[in-house]
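Student: I've got a model open and want to know what stands behind the labels people put on it. Can we go through a few?

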Amino acid sequence: MSKTMKKVPGTCFSLWLLLLLIAAVGPGAALSQSIDDCLECHQDRSLTQTDSTGTVHNLYVDKKLFSESIHGKLDYSCVECHEGATQDHPAGGLADVKCEECHEEALQKYEMSRHAKLLKEGNTRAPQCFDCHTMHYNFYRDDPRSSINPKNVPANCSNCHEGLVEGPGLIGS
């Protein structure tokens, strides 16, 4: 030990305690906001974002409808899917949600579909999970509010396809 440095009792223990505290609270604290924190902005029905193709996306989230959805009933917060989201997230938006991180089986079915083939071929208009299942209001298939309810499939598919689509939908049942 050099003459200018003196050992301070408890320094090592204090440093470890500080590191544990940062690991336990630091990064997570910024991500632990509630749905209400996000809704400070996203309850505004006029909140939109325009993507690189010029398509305008509405960023409004209906709290009641979300709370009745599958993810809402599971008590998910926004950051469960929108990783890295903070109240100060950039106006340019967040990274894409990765549904496949929880829905691996659905991804395997999707990968066998025509839509996935189009996406792999570079078609930027090919539908992804949220195009058919909606972004925030996912309901079980038998719920009449579900975008994949058999009665809603023709209208849902018609959002992209000109003619009314008949049948069980993308994956089938």
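Tutor: Sure, let's start with S146, which is buried at a relative accessible area of 2%.

Student: What makes S146 buried?

Tutor: Buried means under 20% relative accessible area, exposed over 50%, and partly exposed in between (1.4 Å probe, protein chains only). S146 has 2%, so the label buried fits. This is a predicted model, where local features need pLDDT of at least 70 and side-chain atom pairs count only at pLDDT 80 or more, while totals for chains, interfaces and linings use all residues. Residues are numbered from 1 along each chain as its sequence is written, and side-chain values use heavy atoms, leaving out hydrogens and water.

Student: Which residues does S146 touch, leaving aside those up to four places away in sequence?

Tutor: F139, Y140, R141 and N152, where contact means heavy atoms within 4.5 Å.

Student: How many disulfides are there?

Tutor: Zero; a disulfide is a pair of cysteine sulfur atoms within 2.5 Å.

Student: Why is C38 not bonded to C78?

Tutor: The C78 sulfur is the closest cysteine sulfur to that of C38, but at 3.5 Å it's too far for a bond. C81 is in no disulfide either, as its nearest cysteine sulfur, in C102, is 6.6 Å away.

Student: Why is C38 called buried, and what is C81 called?

Tutor: C38 has 15% relative accessibility, so it counts as buried. C81 has 30%, so partly exposed is the label there.

Student: And how much of the whole chain is buried?

Tutor: Of its 173 residues, 18% count as buried.
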